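Today I am looking up aromatic rings and what sits around them. Here is the entry I opened.

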Amino acid sequence: MTLKSRELNLEALIAKRSTGVVKEVSFKSESLGVEKRYRIYLPPGYFSSEKRYPVLYLFRGHEKEWFDPEQDYSRGGKAVQHLADELIADGRICEMIIVGPSMTSDDGSIYGLGVNFLNPDAAKEANGIGSGQFEDYFCKDVIQHINSTYRTVRGIQAADGFSLGGFTSLMLAVRHPGLFCSVGSYDGSHMFRGMNDPRYPGLRNDTLWLRRDQKFAPAFRRPGTDVHDLEHLLSYNLLNILEGYSKRKLDKIRTCRYFITTACADGMEGNRDRGVHLVSVFQQFGIVNQADELVLSNDALHNWHFSDLHLRRTLQLHSEAFLATGKIEGELKPPIDDHIKDFEFTGLRESTPDNRDVILKFRVYRKTGVRVDIHAVDGKRVKTVTNKSYS
């Protein structure tokens, strides 16, 4: 077999694949002045057609995070590419390109946050920071590079994010009206309005952002100072940005679709209170959260398992937003909210030695087979409560 025929056979195999392809790519950012990486998911149809596709940008920090099935213990061996393959095959979402841009230093130690740094020299020891102009890097370099390198439908793009990535996705949507047709956030680390935490009395007491350590110092502290520049910080506080917008700009902000969910707890386990505050202020400006419920579930934590559950739903909602532009063709099955369901069994009195009432409850996060057996202390099976598929 000749080299050319082997190449043709390889192209034919790629064209027939039923799953998308994930690639890691580097390019030179003019705004940062350094090489940056991103991971990209190209849908199955990309290799067998000349179609153009909408783009979903996913923010967190390091470019690998959304695509790494083992990013934390909770993820269960699946990541965004597996969710996309599943939902595309089921007809629940349109085919799309998904991009995870690097928003940190190469080692993930310095967060870019989607903002232009005041003092990038404070992070000069970290590779991948360069000029620190991360807002320009994304809005100019990343989007232009993706549009010029891949078959995209220009201007039809969405964003989603987890934690600090949730802050980035919403902040960029508000600072740049019309940049995205839809935007999501799971348990975002959002700023309190005016940097004033309403849970505690005091002025400028948002300790997550007005922190004393060096974590956000390159972004928000001018050289030679040891406190954040409040004016610069507030220029990236999306709730304060809204206060200065004209009616025309607010109307444009409202055309974007917002899908915001949080964990069930606050403090070390989540950002629920920040999400409640954000959505409450959004309502004052007529901005609607289109997520069915703000709190994702009553056991949702700040981890990748629940972030993926958020995305399982919002992938469908982003697809609807893409189709609603009129520039993307296709039909979708109705969105399904199949990621969290509770089941309860009663009437199990006869299965207990003393005829006590018993209630068994369990929860599933996707379609799965479930078998529940009751056993005696000697190991003998007394009763099979259920043995079937649940969704």
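I began with charges over rings, keeping in mind that this is a predicted model. R211 lies over the face of F216, and I noted 5.0 Å to the ring centre. I also looked up R151: its charged end sits over the ring of Y46, 4.1 Å from the centre.

Next came the ring pairs. How many aromatic pairs does the structure hold? I found 17. I picked out Y57 and F138, whose centres are 5.0 Å apart with 90° between the planes. That pair is edge-to-face, because the angle is over 60 degrees.

Where do these two partners sit in the chain? Y57 belongs to strand β3 (residues 53-59) and F138 to helix α3 (residues 134-149). They are 81 residues apart, so I wrote the pair down as a link between distant parts of the chain. Buried or exposed, I asked about Y57? Y57 is buried, at 0% relative accessibility. F138 is buried too, with a relative accessible area of 0%.

My following stop was F117 and F134. Their ring centres lie 5.4 Å apart and their planes meet at 35°, so I logged the pair as tilted. F117 is in the loop between β4 (97-101) and α3, while F134 is in helix α3. With their positions 17 residues apart in numbering, this pair also links distant parts of the chain. Both F117 and F134 are buried.

Last, I checked which residues join these two in a cluster. Ring pairs link F117 and F134 with F27, Y38, Y137 and Y150.

Terms used. Residues are numbered from 1 along each chain as its sequence is written. This is a predicted model: local features need pLDDT of at least 70, side-chain atom pairs count only at pLDDT 80 or more; totals for chains, interfaces and linings use all residues. Side-chain values use heavy atoms; hydrogens and water are left out. Rings of Phe, Tyr and Trp (its six-membered ring) pair if their centres lie within 6.5 Å; planes under 30 degrees apart count as stacked, over 60 as edge-to-face and the rest as tilted. Helices (H or I, at least four residues) and strands (E, at least two) are DSSP runs, numbered from the N terminus. Buried means under 20% relative accessible area, exposed over 50%, partly exposed in between (1.4 Å probe, protein chains only). A charge sits over a ring if NZ of Lys or CZ of Arg is within 6 Å of the ring centre and within 35 degrees of the ring normal.
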